[in-house]
Amino acid sequence: MSQRQVLQVFEQYQKARTQFVQMVAELATRPQNIETLQNAGVMSLLRPLLLDVVPTIQQTAALALGRLANYNGDLAEAVVKGDILPQLVYSLAEQNRFYKKAAAFVLRAVGKHSPQLAQAIVDCGALDTLVICLEDFDPGVKEAAAWALGYIARHNAELSQAVVDAGAVPLLVLCIQEPEIALKRIAASALSDISKHSPELAQTVVDVGAIAHLAQMILNPDSKLKRQVLSALSQIAKHSVDLAEMVVEAEIFPVVLTCLKDKDDYVKKNASTLIREIAKHTPELSQLIVNTGGVAAVTDCIGSCKGNIRLPGIMMLGYVAAHSENLAMAVIVSKAVPQLSVCLSEEPEDHIKAAAAWALGQIGRHTPEHARAVAVTNTLPVLLSLYMSTESSEDLQTKSKKAIKSILQKCTYLPALEPFLYDAPPNILKHVVGQFSKVLPHDSKARRLFVTSGGLKKVQEIKAGPGSLLQEYINSINSCYPEEIVRYYSPGYSDALLQRVDSYQPLAN
Amino acid sequence: MATLARLQARSTFLAHQYYFRNSAVDVFRKKEYDAAVKIQSWFRGCRIRAYLRYLHRVATVIQKCWRGYLGRQHYQLIVKLEFCTMKMNLYNAMAVRIQKRWRGYRIRKYCFNYFYLKEYLKAVSETNDAIREALEEFAEMKEREEKKADLEREEKKRDYQARKMHYLLSTKQIPGIYNSPFRKDPDPWELRLQKAKPLISQRPKVKQKRGVNISNRLACTSARSLPQSEILPPIDRKQCQGPFRDITEVLEQRYKPLEPTLWMAEPINELKMAREELRKQEWMRNINDNMFLPFSSYHKNKKYIPLMHSSSKYGPNSYGSQHFRDENPKKWICDKKFKFHEDRNVCLTYSLLYPHCLEQHLAKERKKERKKERKRKEKRKKERRKRFPNCITII
C-alpha cells in the first residue's frame with residue numbers, strides 16, 4: 001500500500017505538471033490566448049517549473065515562456081523582472097540540447113523587443129553561454145544561439161560590440177559553413193545585424209574571413225539564404241571604400257547579377273541594395289559595375305518589380321550617374337532613362353518618385369547631350385507637375401525642383417523646353433528663357449520653329465522687371481528677330497494697329 | 001738875291017697861296033675821303049657778303065651731307081627693325097600653328113579621346129546586351145529546372161500512389177476498377193498499376209528534413225556540405241576454383257612500381273650532363289663572353305707588315321738602321337777609328353759625356369781580353385798535350 005501509493009501520488013503530480021506545461025505551450029502558440037494567460041498569471045506559475053526535476057517539464061516550460069515572451073514586450077519585461085534569466089543562463093551551460101534550444105529561444109524572444117531588454121540579457125552574462133552554445137554539435141542549438149545573438153546585436157552598436165567581444169563572430173563564420181541551410185540563414189542574418197552598425201564592427205566581421213564564405217553562398221539556390229547573404233554583404237560594403245573594395249575583390253560580379261533575376265522579390269531588393277552600396281563610394285567602383293553590365297541588369301530588375309523593391313535600384317542608377325559624365329552617358333546608353341521616367345510616372349509612393357526624380361537629375365545635369373537624352377523621354381513636364389502639385393511631399397518637391405533646374409541649365413533641346421514657357425513658375429521660367437536666349441542666336445531653323453510654334457508670342461507676354469536677368473534674356477531673344485516680327489507679336493499690337501487705322505486720313509486725291 | 005727877295009715877298013703870298021690851294025683841296029678832301037670810305041666800305045661789305053654767302057653754302061653742304069647720313073642711318077635702323085618684326089611675326093605664326101596642332105593632338109590623345117569614349121560606350125552597350133541575354137537564359141534555365149523538378153515530384157507522388165494501390169490491379173478473371181470492360185482502352189492508372197512494384201509495408205522511413213532538397217544538395221558548394229555517399233558494396237563474386245592467388249596480391253605484383261638501383265636510376269651520361277649543367281650556369285653568370293686568354297701574345301696573331309721602305313727589292317738602306325751619321329770617308333784624317341785617350345780621367349770625363357762611346361770601347365776591350373785568354377788557354381792545352389800525349393782531359 002505504502003510505497004506504491006506514495007509513488008503514485010508523485011507520478012500523478014508529475015503527470016499534472018507535464019500536462020499543464022504542454023497545454024500552456026500549445027495555447028501560447030495562438031495570440032488570442034496570450035492575453036488570458038497573462039491575466040491568469042502564467043509567468044509566476046511557469047517560473048518554478050523551470051527548476052523542475054523532470055527535464056521534459058523544464059524544456060516545455062522554457063518553450064512556453066519563450067512563446068509568451070515572443071508575443072509582446074510587456075511579457076518579455078515580465079520575464080526579465082521575474083529574474084528568470086539568470087536561471088536560464090545557468091542551466092544553458094549544463095543541460096541537454098533540447099533545453100538549450102528552448103532556453104536560447106527564450107533569450108531570443110526577450111531580446112528582440114527593445115534595446116533595454118537586450119541589455120538586460122547581456123547584463124546577466126548570457127552572451128558567454130550563448131557563444132558556448134554556438135560551439136555545440138547539434139545544429140539546432142547552434143541555430144537557436146545564433147538567432148538569439150543576431151536579435152541582440154540588431155538594436156544598436158554597443159550591443160553589437162558586446163556580442164563581438166564575447167567572441168561570437170568566428171563561430172558564426174564557422175556556422176555559415178555548416179551544411180544545414182537554416183543554420184546558414186540564421187548565421188548570415190546575425191552577421192548582417194552585427195556589421196550594420198559601424199565600420200569597426202564590419203571590419204571585425206571581415207577580418208574573420210566572412211566575405212569569402214558569404215560570396216560563395218550567393219550561388220546557393222535557396223532564396224531565403226540568398227536574402228540574408230546579400231543583406232550581410234551590403235551591410236559590410238556600405239561603410240567605407242575599403243570594405244566595398246574587399247567585397248568586390250571576392251569576385252561577386254557578375255554572379256550577383258543573376259540574383260537580380262531571382263523570383264523572390266527580396267532577393268532582388270537586397271541584390272540591388274548591395275550593388276548600390278558598392279556603387280556609391282567611388283567612380284572606379286561604379287566603373288567596375290558598369291563594365292560588368294550591372295547597369296543593364298539593374299534596369300531590367302527595376303522594370304520587373306514594383307514598389308519599394310525598386311527603390312535601391314533607382315538609387316543605384318542615380319549614384320552611378322552622379323560620379324562623372326562618362327558614367328552618366330553609360331547609364332543613358334543602357335536605356336535606363338525611359339525606365340526611370342516610367343517609374344516616376346507610375347509609382348504611387350512619394351519617396352520612390354523623389355528617388356527617381358533625383359536619379360534623373362543626376363543623369364541629366366552634366367552636358368547638353370545628357371540633358372537632351374533626359375528631355376527626349378518627356379519627363380520634364382512630369383517633373384514640373386510633381387514640383388507644382390500641392391500633394392507632393394516636401395522632399396519630392398525639393399528633389400524635382402533641383403532636378404528640373406539642373407537639367408534645364410544644360411538643356412538645348414528646344415521642343416522639350418517649349419511647353420515650359422507656358423506653365424512654368426517664374427523661377428523656372430527664367431532658366432527656360434535663358435536657355436532659349438543661348439540657343440536661338442545660332443540656329444536659324446530653331447528660330448523659325450520658335451516663331452511658328454507661338455513661342456515668340458509667349459515670350460513677349462512675359463512680364464519681367466527691367467534690368468532683371470529675365471529681361472536681359474528676353475532682349476537677347478528679341479534681338480535675334482527683325483523688329484517687325486517682334487512688334488507683330490508684342491501684346492496689344494492689334495489694338496495699336498486698329499488705332500492707327502482709326503487715325504489714318506486717306507490722301508485726298 | 002733878287003729872286004730871294006722876290007721869293008721872300010712871294011713867300012707870304014706863297015704861303016697864302018699854298019694854304020689856299022691846300023685848303024681848297026680840303027673842301028673836297030673830306031668829300032673825296034668820305035666817298036672813298038664809302039666806296040671802300042661798300043666794296044669790303046660786298047666782299048664779306050660774298051664770303052659769308054660762300055660760307056653759308058659750304059655749311060649748308062656739310063649739314064646736308066651730315067643730315068643725309070643721319071637719316072640714312074635712321075632708315076637702316078627702321079628697316080632692320082621692320083625686318084626683325086616681320087620675322088618674329090612669321091615665327092610666332094608658325095609657332096602658333098605648331099602649338100595649335102600639338103594642343104589638339106594632346107587633348108585628343110591624352111585628356112579626352114572622343115573615339116575611345118565612343119568605343120567604350122559601344123562596348124558597354126554590347127556588354128549590357130550580353131548580360132541581358134545571359135540573364136534571360138539563366139532565368140529560363142531556372143524555370144525549366146523548376147518545372148522539371150515539379151514534374152518529377154508529381155511523377156514520384158503518382159508512382160508512390162500507384163504502388164500503394166497496387167492491389168487494384170486487374171487480374172485475368174476480374175477486371176480492376178481502372179480497367180472497365182465498357183471502355184475501349186484501359187485507364188492510364190491501370191497501366192501505371194501494371195508497371196508499379198507492390199509496396200511492402202516497412203518501418204516508416206526517417207522523415208527527411210524539409211529544407212534539404214535534391215537541388216539544394218547539388219548546389220551547396222562548401223566541401224563539408226556535400227553528402228557523404230556510401231561506397232557501394234562490392235558485387236559478390238564466387239571464388240574461382242583452383243589454386244588462384246588473392247586478386248589483390250596479383251594486382252599488387254603486376255603493377256608493382258619499378259625500384260631501380262642507384263646505378264640504374266641515374267642516366268649513363270650523368271657526369272657529362274652535370275658538367276654541361278655547370279657550364280651552362282657559368283655561362284649564364286658570365287659578364288664577359290670572351291675567354292681570358294692565358295698568354296698576352298696569344299691573340300697577337302696579327303701578321304707583321306713591314307715597311308715598304310725596308311722591304312723593297314732594292315735592298316735596305318743601311319742608313320737609319322746601321323748607322324745614323326752621314327759619313328764621308330774622304331774627309332777622314334786617318335783610317336783608324338777614334339780611340340780613347342789612355343788617361344783615365346779623360347776617359348771618365350769622356351765617358352760621362354758620351355756614355356755610349358764608353359760602352360763600345362769597354363766592349364771592345366773585353367773582346368780583346370777574351371781573345372787573349374783563349375789564346376793562352378790554347379797554348380796551355382798544346383803544352384799539356386805535348387807533355388802528356390796519352391792523357392784524356394776531362395772537361
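**Ser195(A), chain B and the cysteines**

Biologist: Which residues does Ser195(A) touch, leaving out those up to four places away in sequence?
Modeller: Ser195(A) touches Leu201(A), Ala202(A), Val205(A), Ala232(A), Gln235(A), Ile236(A) and His239(A), with residues up to four places away not counted. Contact means heavy atoms within 4.5 Å.

Biologist: Any ground rules?
Modeller: This is a predicted model: local features need pLDDT of at least 70, side-chain atom pairs count only at pLDDT 80 or more, and totals for chains, interfaces and linings use all residues. Residues are numbered from 1 along each chain as its sequence is written, chains are lettered from A and ligands numbered from 1 in the order written, and side-chain values use heavy atoms, without hydrogens and water.

Biologist: Where does Ser195(A) sit, and is Ser195(A) buried or exposed?
Modeller: In helix α13 of chain A, residues 181-195. Helices are DSSP runs (H or I, at least four residues), numbered from the N terminus; strands are E runs of at least two. Ser195(A) is buried, because its relative accessibility is 0%. Buried means under 20% relative accessible area, exposed over 50%, partly exposed in between (1.4 Å probe, protein chains only).

Biologist: Switching to chain B. How many helices and strands?
Modeller: 9 helices and 0 strands. Of its 395 residues, 7% count as buried.

Biologist: How many disulfides over all chains?
Modeller: 0. A disulfide is a pair of cysteine sulfur atoms within 2.5 Å.

Biologist: Why no bond for Cys343(A)?
Modeller: The closest cysteine sulfur, in Cys305(A), is 8.4 Å from its own, too far for a bond. Cys343(A) is buried, at 1% relative accessible area.

Biologist: And Cys480(A), buried or exposed?
Modeller: Cys480(A) counts as buried, at 19% relative accessibility.
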